[in-house]
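Let's take a walk through this structure, a few residues at a time. Have the viewer open and follow along.

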Amino acid sequence: SVPTPWEGEYARELMTVSTAMDELDQRVSSIACSTEQMAAAMNTVNNDVQTVSRVAGQMQNKAVQVGDLSRAVHEQSDKLLEGIGAFQLEIHRRAREAVEAFASGGMLLQGGAEGVGLVLQRLLREDKRFELLYLVGADGRQISDNVFADSARAAEGQAARGRDWSRRDWFRVVKESGRAHVTALYRSSATNDFCFTVSVPVLDAQRRLVRVLGADVRLSSML
């Protein structure tokens with residue numbers, strides 16, 4: 001039989017609805033697929049983050065262990081070598097005599113920072129045992145710059161011209177006694193090596209204190 005107009009319209013509506021449902025189903029499937037892909041991607045990222053975190057934690061623990069070991073070795077070496085500083089050894093005597101020879105030549109009695117600096121540089125070139133020389137006035141104020149040997153690296157903040165050392169033992173003992181002074185061993189801020197300081201009086205012809213010469217001596221160079 002021939003469908004009525006109403007039946008034909010109804011069939012077209014059903015077809016339209018069916019097509020719309022098919023398209024909706026495809027979209028839902030596509031969204032579901034994308035959601036699964038996003039979930040998988042997020043899961044992968046999360047696993048990577050956890051892996052990085054775990055490795056970082058392991059590296060931090062190892063760094064702490066290495067740091068602790070390094071500090072322990074450093075402290076033990078300090079304790080061992082500081083024990084040497086309680087004695088005036090032959091190396092101290094040789095260093096003191098060398099610095100006294102520097103001071104007795106008359107070259108350091110006069111001159112400002114530049115002239116004195118040139119003299120100290122020449123002395124360092126002549127004797128490789130010393131890493132640092134400096135000249136201080138009778139009032140305890142430093143006249144020269146810190147003059148470093150080529151093998152010693154000057155740390156930041158080492159400019160010391162004009163600094164007041166009058167309360168330091170290495171200056172005070174020399175001024176009060178008129179004799180050389182040798183410190184205990186300590187770790188140099190310039191080279192991180194063990195050294196000791198020899199300070200000696202620079203005297204005029206009447207044996208009056210004019211200046212004090214300080215010298216930092218590398219322990220390794222004296223052994």
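What follows goes from strand 1 to the salt bridges and ends at a pocket. Keep in mind that this is a predicted model.

Start with tyrosine 134, which sits in strand 1, the stretch covering residues 130-137. Is tyrosine 134 buried or exposed? Its relative accessible area is 7%, so tyrosine 134 counts as buried, the cut-off for that being under 20%. Leaving aside residues up to four places away in sequence, the contacts of tyrosine 134 include Leu120, Trp170, Thr197 and Val212. Gln142, Ser144, Asp145 and Asn146 are also among them, and so is the run Leu213, Gly214, Ala215 and Asp216.

That last residue deserves a second look. Aspartate 216 is 82 residues away from tyrosine 134 along the chain, yet their C-alpha atoms are separated by 9.0 Å. The two side chains make a polar contact with each other, at 3.1 Å.

Now slide along to leucine 132, also found in strand 1. Leucine 132 has a relative accessible area of 7%, so this residue is buried. Which residues does leucine 132 touch, not counting those up to four places away in sequence? The answer is Leu124, Asn146, Val147, Phe148, Gly214, Ala215 and Asp216. For alanine 215, the C-alpha atom is separated from that of leucine 132 by 5.7 Å, with the two positions 83 residues apart along the chain.

Next, the charges. How many salt bridges does a search of the whole structure find? It finds 9. One of them pairs aspartate 145 with arginine 161, whose side chains meet at 2.9 Å, N to O. This pair links distant parts of the chain: aspartate 145 is in the loop between strand 1 and strand 2 (147-148), while arginine 161, 16 residues apart from it, is in the loop between strand 2 and helix 4 (169-177). Aspartate 145 has 35% relative accessibility, so it counts as partly exposed. Arginine 161 is partly exposed too, at 49%. You have met aspartate 145 already, as one of the residues that tyrosine 134 touches.

Another salt bridge stays inside one helix. Glutamate 126 pairs with arginine 122, and their closest N and O atoms are 2.9 Å apart. Both lie in helix 3 (residues 113-126), 4 residues apart, or about one turn of the helix. Arginine 122 counts as partly exposed, with 32% relative accessibility.

Arginine 208 and aspartate 204 also form a salt bridge through their side chains, at 2.9 Å from N to O. Here the acid is buried: aspartate 204 has a relative accessible area of 18%. Elsewhere, Glu90, Arg93 and Glu97 are linked in a network of salt bridges.

Finally, some empty space. Rolling a probe the size of a water molecule over the atoms shows where it is left. The second largest pocket has a volume of about 210 Å³. Where does its lining come from? Helix 2 (90-104) and strand 5 (194-203) each supply at least two of the lining residues. Glu100, Ala103 and Ser104 are among the lining residues, as are Val200, Pro201 and Leu203. The list also includes Gly106, Leu109, Gly178, Arg179, Ala180 and Arg207. By class, this lining has 6 nonpolar, 3 polar and 3 charged residues.

Conventions:
Residues are numbered from 1 along each chain as its sequence is written. This is a predicted model: local features need pLDDT of at least 70, side-chain atom pairs count only at pLDDT 80 or more; totals for chains, interfaces and linings use all residues. Side-chain values use heavy atoms; hydrogens and water are left out. Buried means under 20% relative accessible area, exposed over 50%, partly exposed in between (1.4 Å probe, protein chains only). Contact means heavy atoms within 4.5 Å. A polar contact is a pair of N or O atoms within 3.5 Å; within protein, one must be able to donate a hydrogen and the other to accept it, and residues adjacent in sequence count only if both atoms are side-chain atoms. On a 1 Å grid over the protein atoms alone, a cavity is a set of points where a 1.4 Å probe fits but cannot get out, and a pocket is an open set with protein on both sides within 12 Å along at least five of seven lines; lining residues have an atom within 4 Å of a point. Grid points are joined across faces, edges and corners, and a volume is the space filled by probe spheres set on the points. Ala, Val, Leu, Ile, Met, Phe, Trp, Tyr, Cys and Pro count as nonpolar, Asp, Glu, Lys and Arg as charged, and the others, Gly among them, as polar. A salt bridge is a side-chain nitrogen of Lys or Arg within 4 Å of a carboxyl oxygen of Asp or Glu.
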